[in-house]
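The following note is offered to a colleague who is examining this model. It proceeds in numbered points, each devoted to one aspect of the structure.

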Amino acid sequence: MLRREHPREKSIGWIKKKLIEYYSSNVFELPDNLSSREFAVQPLTTQSYIRHLSFKSERELRDYILKNPPLHLYYSSALYLFPEVREMESKGYIGSELIFDIDVDELSSCRLMEQLHVCLDCGHLMYGNKIKKCLKCGSQNVVEASPVSDECMKKGGEAALMLARILRKDFGFDEVRIYFSGNRGFHVRPLCDDECLKLNGEERREIVDYIKGVGLDLDKIAGFGKKEWLVPSPDEPGWRGRIGEAIYNKFGIKYGERITWSELQKKADVQELKSYISSATVEIDEKVTVDVHRLIRIPGSINGKLGLPVIKLNEADLSNFSIRCELSPFKEKVKVKMNVTITDKTIMGVKMSVYKGEEEEIPGCLAFPFILKGLADVS
Ligand SMILES: [Zn+2]
């Protein structure tokens, strides 16, 4: 007797087919030192990672992926003599890239972000940031149905830009690359030379503290408490320049003009001034930068949370970057059977009204994450 295929099995089969199609072409941006990196994957149907993989060439990597298309795909920020060895202390650590991560939903101005969530048990729709439990039935089977808001992606993009400028101006990096993580963040990666590769954890922490302005003494560095002192000029190096830039931009002061703190205090009180200055800090995830054994998503690989690839971005496009269907490699329309009802919502730029139990034809960019999250099955 023929066994009837379960809708979930059919859906996972579809996801697998789409991943194989995607990875069949030349999608990765890989470093020259590929054979010194540890690779790791999260397979489609398990929660745990397979680590300590090693590949000699892009072709070897692709052969592996096409046999076992993964949901998530990473390589190490570190270079090793023996990347395939399981024990970290026996891997022969050479050095590690300097990596920065900006997580949009961790930005202080986006903690209360309104992201659409759906309860898979009762179908209740909710708005909020990282909702773990259904407000109606108490189920923990709650998933995100829409990506991060445009407004918060924009803020994340601006933070990434600011970080790239600091890395160039204050640290002297010639090239800084910015990537969309494929879900809700940005990776900022300066091109790391030998000296940078060798930075230890403590030195990396100092860099993070500098960027975040941890322990910044405004009196000492900018004469904040001394009323007759001039506000630093935006073209000065380091933190003085950043403070100057924040203040000059906020008050529309012409670059080249000079102003004292006491004159400025006629326009705003001390607390306000401090909050403007704090806008010159960048909120980065310090765990990522300090950890020399970090795994990073491979540029060009699909982020299995939203089904979008990790993409290198032009700085000119960053301050208006938003998550849209155009970013998805899955262009064809797909017939699905919805497991929940979502009406009058715009998701990734697509207006939609779909109903539980009904067959709908939806764009591939939405079908992929909907099917993965269980909001729909292939029909
Ligand atoms: Zn519920």
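**Note on the predicted model**

1. Lysine 130 is located in the loop that links strand 8 (125–128) to strand 9 (142–144). The model is predicted, and the remarks below should be read accordingly. The phi angle of lysine 130 is near 55°, a positive value in a residue other than glycine. Lysine 130 counts as exposed because it has 11 C-beta neighbours inside 10 Å, and the limit for that class is 12 or fewer.

2. Histidine 52 also deserves inspection of its backbone. Its phi is positive, at about 60°, although the residue is not a glycine. Unlike a loop position, histidine 52 belongs to a strand, namely strand 2. Histidine 52 has 18 other C-beta atoms within 10 Å and is therefore classed as partly exposed.

3. Strand 2 leads to the sheet that contains it. This open sheet has four strands in the order 2-1-3-12, paired in antiparallel fashion. Strand 2 (50–53) and strand 12 (295–297) form the edges, each pairing on one side only. On average, neighbouring strands of the sheet are turned by 30° against each other, direction ignored. Strand 1 (residues 39–43) and strand 2 run antiparallel and are joined by two bridges. Phenylalanine 39 has leucine 53 of strand 2 as its bridge partner.

4. A further open sheet comprises three strands in the order 19-16-20, again with antiparallel pairing. Its edge strands are strand 19 (359–363) and strand 20 (376–378), each of which pairs on one side only. From one strand to the next, the twist averages 50°. Strand 16 (residues 333–338) runs antiparallel to strand 19, and five bridges join the two. Within this region, lysine 333 stands opposite proline 363 of strand 19. As general background, strands of a sheet pair through backbone hydrogen bonds, either parallel or antiparallel.

5. The annotated site is best considered as a group. Under "active site", an unreviewed UniProt entry lists Asp101, Asp103 and Asp285. These positions are spread over 185 residues of sequence, yet they cluster in space, with a largest C-alpha distance of 7.1 Å. As the annotation comes from the record, it may be inferred rather than shown by experiment.

6. What surrounds aspartate 103? This residue lies in strand 6 (residues 100–103). Residues up to four places away in sequence not being counted, aspartate 103 touches Arg184, Gly185 and Asp285. Aspartate 103 is partly exposed because 18 other C-beta atoms lie within 10 Å, whereas a buried residue would need 20 or more.

7. Aspartate 285 occupies a loop, the one between helix 9 (270–278) and helix 10 (286–290). Apart from its neighbours within four places in sequence, aspartate 285 is in contact with Asp101, Asp103 and Glu106. The contacts of aspartate 285 thus include two residues of the annotated group, Asp101 and Asp103. With 15 C-beta neighbours inside 10 Å, aspartate 285 is likewise counted as partly exposed.

8. The nonpolar interior can be described through its main core. The largest nonpolar core has 67 residues, and those touching the most other members are Ile102, Ala160, Leu163, Ala164, Ile178, Val188 and Ala367. Helix 3 (residues 150–169) supplies the largest share of this core, nine residues. A second, separate core of nine residues includes Val231, Ala246, Ile247 and Leu273.

9. Valine 188 gives a local view of the largest core, being one of the members that touch the most others. Neighbours within four places in sequence aside, valine 188 is in contact with Phe100, Ile102, Ala160, Leu163, Ala164, Val176 and Ile178.

10. Some overall values complete the note. The chain has 12 helices and 20 strands. Along the principal axes, its C-alpha atoms fill a box of roughly 90 × 55 × 35 Å. Of the 379 residues in the chain, 34% are buried. Among contacts with a separation of 6 or more, 66% join residues 24 or more positions apart.

Terms used: Residues numbered from 1 in each chain as written. Predicted model: local features only at pLDDT ≥ 70, side-chain atom pairs only at ≥ 80, totals over all residues. Contact = placed C-beta atoms within 7 Å. Core = buried A, V, L, I, M, F, W, Y, C linked by C-beta atoms within 7 Å. Pairing = 2+ DSSP bridges. Axes fitted to C-alpha atoms, helices over the stretch in contact; angles between N-to-C directions.
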